[in-house]
Amino acid sequence: MTGDDGLRVRTAAAEDADRLLPMFEAFYGDYLHPKTAEAIREHLRAADAIDTVLIAEEDGVPVGFASLRILPQVESGVPHAELADLFVDETRRRRGTGRALVALAEDFARRRGCRSLELTVGFDNDGARAFYRAAGFSDFALTMKKALEARP
């Protein structure tokens, strides 16, 4: 998808790893391991059937990304779509980049047979919560988390 303002959103490919790395570092911080373009390339290849990374570019410069996961569901036979991550460079925020990434994720999920798109957002992330509500999302469930320690 290309807009009138030079913004283009598309599916990222393994060849985009070098361009994704700075945004991944900004978004994931210490959680990104290892912090190399080769590791991102491997992730894109390994997760291809489940995790689709979308990239936003303004005049050819990467300015945002989203991660869309689509999983088969045994109970309904209808795939489940989750917007796992969304990042927009601070210089491009409030200019339609996030909305364009969400719109592409919605279109991609719809074409894969999904009936809804879910996401998790932190309780303390008021800006993201307002953005998602403005994009048509509503409160649905509470996500809970438990750390799993490795066992010998």
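Strand S3 (residues 61-71) and strand S4 (residues 80-88) run antiparallel to each other and are joined by eight bridges. This pairing is read from a predicted model. One residue pair shows how the two strands line up: Arg69 has Glu82, in S4, as its bridge partner. Glu82 also takes part in a pairing with another strand, for its bridge partner in S5 is Glu118. S4 and S5 pair in the parallel sense, over three bridges.

These strands belong to an open sheet of five strands, ordered S1-S2-S3-S4-S5, with mixed pairing. At the edges of the sheet are S1 and strand S5 (117-119), each of which pairs on one side only. From one strand to the next, the twist averages 25°. Helix H3 (residues 97-111) packs on this sheet and touches S1, strand S2 (51-58), S3, S4 and S5. The direction of H3 makes about 160° with that of S4.

How enclosed is S4 by the rest of the structure? Seven of its nine residues are buried, so S4 is largely enclosed. In a regular strand, side chains alternate between the two faces of the sheet.

**The largest pocket**

S4 also appears in the lining of the largest pocket, to which it gives the most, with seven residues. The space in this pocket comes to about 810 Å³. Its lining is made up of 27 residues; Leu86, Gly127, Ala128, Phe131 and Tyr132 are the ones that lie nearest the centre of the pocket. Three elements, S4, H3 and helix H4 (126-134), each supply at least two residues of the lining.

**Side-chain contacts at S1 and S2**

Arg10 is found in strand S1 (residues 7-11). With a relative accessible area of 17%, Arg10 falls under the 20% limit and therefore counts as buried. Not counting residues up to four places away in sequence, Arg10 touches Asp16, Arg19, Val53, Leu54, Ile55, Glu57 and Leu104. With one of these residues, Asp16, the side chain of Arg10 forms a polar contact of 2.8 Å between side chains.

Asp16 sits in the loop between S1 and H1. Is Asp16 buried or exposed? Its relative accessibility is 7%, so Asp16 is buried. With neighbours within four places in sequence left aside, Asp16 is in contact with Arg10 and Thr11. A distance along the chain can also be set beside a distance in space: Asp16 and Ala134 are 118 residues apart along the chain, and their C-alpha atoms are separated by 30 Å.

Glu58 lies in strand S2. At 18% relative accessibility, Glu58 is under the 20% limit and so counts as buried. Which residues does Glu58 touch, not counting those up to four places away in sequence? They are Asp5, Gly6, Leu7, Val63, Arg92 and Arg95. The side chain of Glu58 makes polar contacts with the side chains of two of them: Arg92, at 2.7 Å, and Arg95, at 3.0 Å.

The table lists these polar contacts between side chains.

| Side chain | Partner side chain | Polar contact |
|---|---|---|
| Arg10 | Asp16 | 2.8 Å |
| Glu58 | Arg92 | 2.7 Å |
| Glu58 | Arg95 | 3.0 Å |

**Glu25 in helix H1**

Glu25 is found in helix H1 (residues 17-28). Its relative accessible area is 35%, so Glu25 is partly exposed. Leaving aside neighbours within four places in sequence, Glu25 is in contact with Leu32 and Lys35. Glu25 and Lys35 are ten residues apart in sequence, and the distance between them in space is 7.3 Å, C-alpha to C-alpha.

Technical notes:
Residues are numbered from 1 along each chain as its sequence is written. This is a predicted model: local features need pLDDT of at least 70, side-chain atom pairs count only at pLDDT 80 or more; totals for chains, interfaces and linings use all residues. Side-chain values use heavy atoms; hydrogens and water are left out. Helices (H or I, at least four residues) and strands (E, at least two) are DSSP runs, numbered from the N terminus. Buried means under 20% relative accessible area, exposed over 50%, partly exposed in between (1.4 Å probe, protein chains only). A polar contact is a pair of N or O atoms within 3.5 Å; within protein, one must be able to donate a hydrogen and the other to accept it, and residues adjacent in sequence count only if both atoms are side-chain atoms. Contact means heavy atoms within 4.5 Å. Two strands pair if DSSP finds at least two bridges between them. Axes are lines fitted to C-alpha atoms, for helices over the stretch in contact, and angles run from 0 to 180 degrees between N-to-C directions. On a 1 Å grid over the protein atoms alone, a cavity is a set of points where a 1.4 Å probe fits but cannot get out, and a pocket is an open set with protein on both sides within 12 Å along at least five of seven lines; lining residues have an atom within 4 Å of a point. Grid points are joined across faces, edges and corners, and a volume is the space filled by probe spheres set on the points.
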